[in-house]
Amino acid sequence: MDNVFKLISPNSPKSPLNMALKAVHVTQVPNLDQVPDDLNHSNNPPPPPTFNINPADQFMVIGHRGTGMNLLQSPDPRMKSLKENSILAFNAAGNFNLDFIEFDVQVTKDDCPIIFHDNFIFTEEKGVVIEKRVTDLNLDEFLSYGPQREPDKAGKPLFRKTKDGRIFEWKVEKDDHLCTLEEVFQNVNHSMGFNIEFKFDDNIVYKEDDLVHVIQVVLHVVFKYAKDRSIIFSSFQPDAALLIRKLQTAYPVFFLTNGGSEIYTDIRRNSLDEAMKLCLAGGLNGIVSEVRAILRNPGVIRRIQDSKLSLISYGQLNNVREVVYAQLLMGVGGVIVDLVHEITEAVADFGKTVKEDNAIKEEEEEGDIKCSQYQLSNLMKLIPGLIQP
């Protein structure tokens with residue numbers, strides 16, 4: 001008989017992911033006038049919020065920026081199919097078995113929450129590339145980039161700068177205009193959950209008042225339009241994540257981390273252990289980690305579960321079905337993916353495999369599963385070559 005690993009199934013009622021994420025249909029959402037202007041700086045973290053549990057427990061699949069981010073430099077046409085972070089992409093995501101779509105929110109100079117990932121936006125005038133910080137633009141100027149709502153109106157050509165400094169014209173197969181958070185709430189099917197990432201620049205040291213202002217502006221729109229839509233908040237900015245929890249208890253708050261793949265001056269961002277400390281100290285609901293950090297240290301999954309925190313992963317390796325399967329078996333609660341068609345189909349197949357494979361079966365105890373060491377080790381053999389920096 002094969003040796004077995006005893007893992008917590010993401011389908012288990014005991015899974016912290018189900019406790020936090022499937023709970024986002026909130027019966028009472030606080031009005032913004034209930035949000036204090038002056039934060040309570042008590043050393044005691046606020047209690048975790050109480051949520052209603054959705055009985056349809058499952059491994060979570062979340063569409064990255066809708067149906068996937070745009071990699072303009074990639075030869076893969078799937079990475080340039082639909083405009084990322086657009087209403088077009090968000091509604092297209094509804095064609096797949098996704099639990100949430102993830103998107104990035106920033107606030108313009110005139111206090112409008114808009115959907116855009118990059119800190120800087122680029123255009124070209126008379127052959128010269130011009131860059132502007134997104135948060136320095138007012139709403140009208142931001143919306144003047146790219147395709148326009150009026151068919152007879154031409155917008156500024158939109159370009160994008162890659163991490164290695166190359167600049168590409170932002171061309172995709174199916175384009176769409178830039179949009180606001182309010183428009184997304186009003187124009188995306190209500191059954192689709194939103195994973196709203198509060199986007200801040202890693203190179204800026206923010207004052208607390210500035211973070212509070214941005215968060216309150218976004219919360220005003222969320223409270224006004226969310227109704228009973230499923231919502232998750234997340235941020236890479238540790239202080240912002242803590243403030244989001246202090247300023248509201250209606251929705252789950254997750255701390256985003258690359259788990260040490262990059263090193264920051266703020267030690268809270270440099271490991272999954274530090275992420276756990278932050279979440280536990282601040283009453284956050286869970287961690288969204290770059291997948292390589294999890295695969296390099298799979299033992300952290302159990303520690304996170306034992307701490308009653310949820311765990312989701314992100315990263316380009318989540319477009320590899322075997323990597324997603326390994327995470328499902330190890331107890332990761334969900335994945336943020338770009339190739340939503342391929343991965344949602346793969347996860348559906350995994351469910352059939354789990355039911356049919358004699359080596360993976362439910363125990364009589366609540367939700368625990370037995371996973372054959374042979375099966376998991378075969379999957380893990382794929383990992384070392386994939387997770388190299």
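Right after helix H10 comes Gly331, whose phi is positive, near 105°. Helices here are DSSP runs of H or I with at least four residues, strands are runs of E with at least two, and both are numbered from the N terminus. H10 itself spans residues 321-330 and is mostly covered, with eight of its 10 residues buried. Buried means under 20% relative accessible area, exposed means over 50%, and partly exposed is in between (1.4 Å probe, protein chains only). The buried residues of H10 are Val323, Val324, Tyr325, Ala326, Gln327, Leu328, Leu329 and Met330.

A quick word on what you're looking at. This is a predicted model, where local features need pLDDT of at least 70 and side-chain atom pairs count only at pLDDT 80 or more, while totals for chains, interfaces and linings use all residues. Residues are numbered from 1 along each chain as its sequence is written, and side-chain values use heavy atoms, with hydrogens and water left out.

**The whole chain**

The protein chain has 13 helices and 17 strands. Of its 389 residues, 54% are buried. Contact means heavy atoms within 4.5 Å. Take the contacts in the chain with a separation of 6 or more: 70% of them involve residues 24 or more positions apart.

**Helices H7 and H9**

Now for a pair of helices. Two packed helices are described by the angle between their axes and the distance between the axes. For H7 (residues 272-282) and H9 (residues 299-306), the axes come within 11 Å and cross at roughly 5°. Those axes are lines fitted to C-alpha atoms, for helices over the stretch in contact, and the angles run from 0 to 180 degrees between N-to-C directions. H7 and H9 are therefore roughly parallel to each other, the label for angles under 35 degrees (over 145 is roughly antiparallel, 65 to 115 roughly perpendicular and the rest oblique).

Which residues in H7 and H9 meet? Leu272, Asp273 and Met276 come from H7, and Val300, Arg303 and Ile304 from H9. The residues of this contact divide into four nonpolar, no polar and two charged. Here Ala, Val, Leu, Ile, Met, Phe, Trp, Tyr, Cys and Pro count as nonpolar, Asp, Glu, Lys and Arg as charged, and the others, Gly among them, as polar.

H9 also has some covered residues: Val300, Ile301, Ile304 and Gln305 are buried. They sit on the same side of H9, because they cover an arc of only 140° around the axis. That arc is taken from the directions from the helix axis to the C-beta atoms. Just past the end of H9 you'll find Lys308, with a positive phi near 65°.

**Some loop residues**

Here are a few loop residues with their places and accessibility.

| Residue | Loop between | Relative accessibility |
|---|---|---|
| Leu98 | H2 (87-93) and S3 (100-107) | 10%, buried |
| Arg65 | S2 (60-64) and H2 | 6%, buried |
| Lys227 | H5 (208-225) and S11 | 61%, exposed |
| Lys156 | H3 (139-143) and S7 (159-161) | 26%, partly exposed |
| Asp110 | S3 and S4 (113-115) | 43%, partly exposed |

Arg65 has a positive phi near 55°, though the residue is not a glycine. Lys227 also has a positive phi near 55°, again in a residue other than glycine.

Leu98 reaches across the sequence: the C-alpha atoms of Leu98 and Ile336 are 9.8 Å apart, with their positions 238 residues apart along the chain. Not counting residues up to four places away in sequence, Leu98 touches several others, including Val61, Ile62, Met192 and Val340.

Asp110 and Asn138 are 28 residues apart in sequence, yet their C-alpha atoms are 5.3 Å apart. What does the side chain of Asp110 reach at 2.9 Å? The backbone nitrogen of Leu139. A polar contact of 2.7 Å also joins the side chains of Asp110 and Thr108. A polar contact is a pair of N or O atoms within 3.5 Å; within protein, one must be able to donate a hydrogen and the other to accept it, and residues adjacent in sequence count only if both atoms are side-chain atoms.

**A strand residue**

Last up is Ser234, found in strand S11 (residues 231-235). Is Ser234 buried or exposed? Ser234 counts as buried, because its relative accessibility is 3%. The side chain of Ser234 makes a polar contact of 3.3 Å with that of Asn195. Beyond its neighbours within four places in sequence, Ser234 is in contact with Asn195, Ile196, Glu197, Phe198, Phe254 and Leu256.
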